[in-house]
Amino acid sequence: ADDMPSHILVPAIHRNRSEIRDIFLARMGDAPPDLSDVPRELAMAARAHLRRKFLSAKVAVSGANFAVADTGTLAVVESEGNGRMCLTLPETLVTVMGIEKLVPTFDDLEVFLQLLPRSSTGERMNPYTSMWSGVTPGDGPQEFHLVLLDNGRTDVLADEVGRSALHCIRCSACLNVCPVYERVGGHAYGSVYPGPIGAILTPQLTASTGGVSGHHDPNASLPYASTLCGACYEVCPVKIDIPSILVDLRAREVDADRSSRGVDPWKTAMKAASWVMADGDRFALAGRAATLGSGLGGRDHAISVAPPPASAWTKARDLPAPPRQTFRQWWQAEHENEEGAR
Ligand code: SF4
């Protein structure tokens, strides 16, 4: 569906089953035309479609959950068997892996293979664990390439506070307990790493790669997407102190803000809001002006598409439509009614 993942473990969790059926019918030429939205039927249709693809693919590209330094072994854990097919059927396998996935020995791998499923799906062991150490003649892909991805990770490692974010094993436990993630959903984080881990990892990775750096990095505001309730720290199996890193990253953002020059749209908007809110009459006028937009929302009173600059918000989230009546108007009407009743 040309969509972004919204969760580390269940990337399409923002789609319901009738949406999935519609996507299958639109994008899978071999989907049965009378496909229902019963999960079993959807799974059967996807299975038939993907199996044909796996059997004809010459090259596969995979990720990896872990790699073992002393044996050169890579490991992928998954639940559906699609990973296993990708890793075994094509002639050539290319694996792209972040450098932080490396553990020293096979004994260390044993620990993580227990930690990951318990914290992600609540299982004692995941259904499929595939491990491979290069090429085996006559069995599986006959050509193998490993791409070790740095992409800012070495800089994060050099940071004494932020580096523990690299311990993350992507179990998603912190997402599932986060009250902010629960309300805003994964797309609001604008990255493949949503939730609390995304709020500490994404700004560090993008700041260090210099793609969007310093104050103008939109990801620099991600550490504010937290109530600092600490639920993420409590559930994290590798004990990443996410709240402390969030506070540290906020402090850096404030420092960067102090030393920044030039026009920052966010700061300008806040200054304008402050000017409006500093005067009762101005605030009342702005409130009345906002009610003019009350008809813009759909049936759920939410605006999904807005022109710039509000589009920066509606790209990932709905904007609540302004109410028909301001609080002051409601208050006045209520008091008039009360006085009339007296
Ligand atoms: S930060 Fe911890 S809880 Fe969150 S995904 Fe990573 S390992 Fe799991």
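A cavity here is a set of grid points, taken over the protein atoms alone, where a 1.4 Å probe fits but cannot get out. In this predicted model, the ligand turns up in just such a place: it sits in the largest cavity.

As for what surrounds the ligand, the shell counts 13 residues, and those that come nearest are Cys 168, Cys 171, Ser 172, Cys 174 and Cys 236. Sorted by class, this shell holds 11 nonpolar residues, along with one polar and one charged.

Zooming out, the protein splits into two domains, with domain 1 covering 153-259 and domain 2 covering 278-341. Their centres, taken over C-alpha atoms, lie 32 Å apart.

Then there is the second largest pocket, which encloses about 1,700 Å³ of space. Its lining takes in 42 residues, with Pro 218, Ser 221, Trp 266, Ala 312 and Arg 317 lying nearest the centre. Several helices give two or more residues each to this lining, namely H7 (179-184), H8 (195-209), H10 (242-259), H11 (265-277) and H13 (311-314). H11 puts in the largest share, at five residues.

Both domains have a hand in the second largest pocket too: domain 1 and domain 2 each supply at least three residues of its lining. In terms of chemistry, the lining of this pocket breaks down into 25 nonpolar, 10 polar and seven charged residues.

Definitions and conventions: Residues numbered from 1 in each chain as written. Predicted model: local features only at pLDDT ≥ 70, side-chain atom pairs only at ≥ 80, totals over all residues. Heavy atoms only, no water. Near = heavy atom within 4 Å. 1 Å grid on protein atoms, 1.4 Å probe; cavity = no way out; pocket = protein on both sides within 12 Å on 5 of 7 lines; lining within 4 Å. Sits in = over half its atoms within 2 Å of the grid points. Nonpolar A, V, L, I, M, F, W, Y, C, P; charged D, E, K, R; others polar. Domains from an automatic or database assignment. Points joined across faces, edges and corners; volume = space filled by probe spheres on them. Helix = DSSP H or I, 4+ residues; strand = E, 2+ residues; numbered from the N terminus.
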